[in-house]
Amino acid sequence: MADQPEHRRADYRHFQPITTRWHDNDLYGHVNNVVYYSYFDSAVNAYLIERGGLDIHNGEVVGFVVSSGCDYFASIAFPDQIEVGLRVGRLGNSSVQYELAIFKRGEDEASAAGRFVHVFVERATNRPTPIPGRLRAALEGLVS
């Protein structure tokens, strides 16, 4: 594998620990590719709830994923302890592009790197809306 300097631990602003689960492994004995997306989603939403005050149950604003992708460099498997590195690549008026990476605990190089875009919408209308102040401030802290 070629050196991936853009996917090193030092290039990310926040880390969310994730515990792999037995059922994350597939028939081949490693975490199935689709599970990485759930790790990404969990890491982002934990950050938005804890740091940005996002109310996923009753808030007026919700984030819809409109685009996503992932590149894989090395496999992970249960019972690996992992951390999802998080940074913001682009912060718009109503949208944000997250850049994420999966790191095994203690490793400097990512096992996978992904990205996805949230568009924030009014819950009542599903129409795009500006990112609320507290949420925007939390996201600004992740801009790389």
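Q: Which DSSP runs count as helices and strands, and from where are they numbered?
A: Helices are DSSP runs of H or I with at least four residues, and strands are runs of E with at least two. You're looking at a predicted model, where local features need pLDDT of at least 70 and side-chain atom pairs count only at pLDDT 80 or more, while totals for chains, interfaces and linings use all residues. Residues are numbered from 1 along each chain as its sequence is written, and side-chain values use heavy atoms, leaving out hydrogens and water. Helices and strands are numbered from the N terminus.

Q: At what angle does helix α2 run to β3?
A: Axes are lines fitted to C-alpha atoms (for helices, over the stretch in contact, meaning heavy atoms within 4.5 Å). Angles run from 0 to 180 degrees between N-to-C directions. Helix α2 (residues 133-140) lies across β3, β4 and β5, and to β3 it runs at about 110°.

Q: Which strands stand at the edges of the sheet?
A: Two strands pair if DSSP finds at least two bridges between them. Here five strands form an open, antiparallel sheet, ordered β1-β3-β4-β5-β2. Each edge strand has a single partner, so one side of it is left without a neighbour in the sheet. The edges are β1 (14-19) and β2 (61-72).

Q: What angle does helix α1 make with β5?
A: From one strand to the next, the twist averages 25°. Helix α1 (residues 33-52) packs on the sheet, touching β1, β2, β3 (81-91), β4 (95-104) and β5. Its direction and that of β5 make an angle of about 50°.

Q: Which residues of β1 point to the buried face?
A: Buried means under 20% relative accessible area, exposed means over 50%, and partly exposed is in between (1.4 Å probe, protein chains only). Side chains alternate along β1: F15, P17 and T19 point to one face and are not buried. The buried ones on the other face are H14, Q16 and I18.

Q: How is the aromatic pair of W22 and F78 arranged?
A: Rings of Phe, Tyr and Trp (its six-membered ring) pair if their centres lie within 6.5 Å; planes under 30 degrees apart are stacked, over 60 edge-to-face, and the rest tilted. That rule gives seven aromatic pairs. For W22 and F78, the centres are 5.8 Å apart with 85° between the planes, making the pair edge-to-face.

Q: How many residues apart in sequence are the parts that W22 and F78 tie together?
A: W22 lies in the loop between β1 and α1, and F78 in the loop between β2 and β3. The pair therefore ties together parts whose separation in sequence is 56 residues.

Q: Is F40 buried or exposed?
A: Y37 and F40 also form an edge-to-face pair, with centres 6.3 Å apart and planes at 80°. Both lie in helix α1, three residues apart, about one turn of the helix. Y37, at 31% relative accessibility, is partly exposed. F40 has a relative accessible area of just 1%, so F40 is buried.

Q: Which element supplies the largest share of the largest nonpolar core?
A: A nonpolar core is a set of buried Ala, Val, Leu, Ile, Met, Phe, Trp, Tyr and Cys residues joined through side-chain atoms within 4.5 Å. This one has 30 residues, and Y39, L48, Y98, I102 and F120 touch the most other members. α1, β2, β3, β4, β5 and α2 each supply at least two. The largest share, eight residues, comes from α1.
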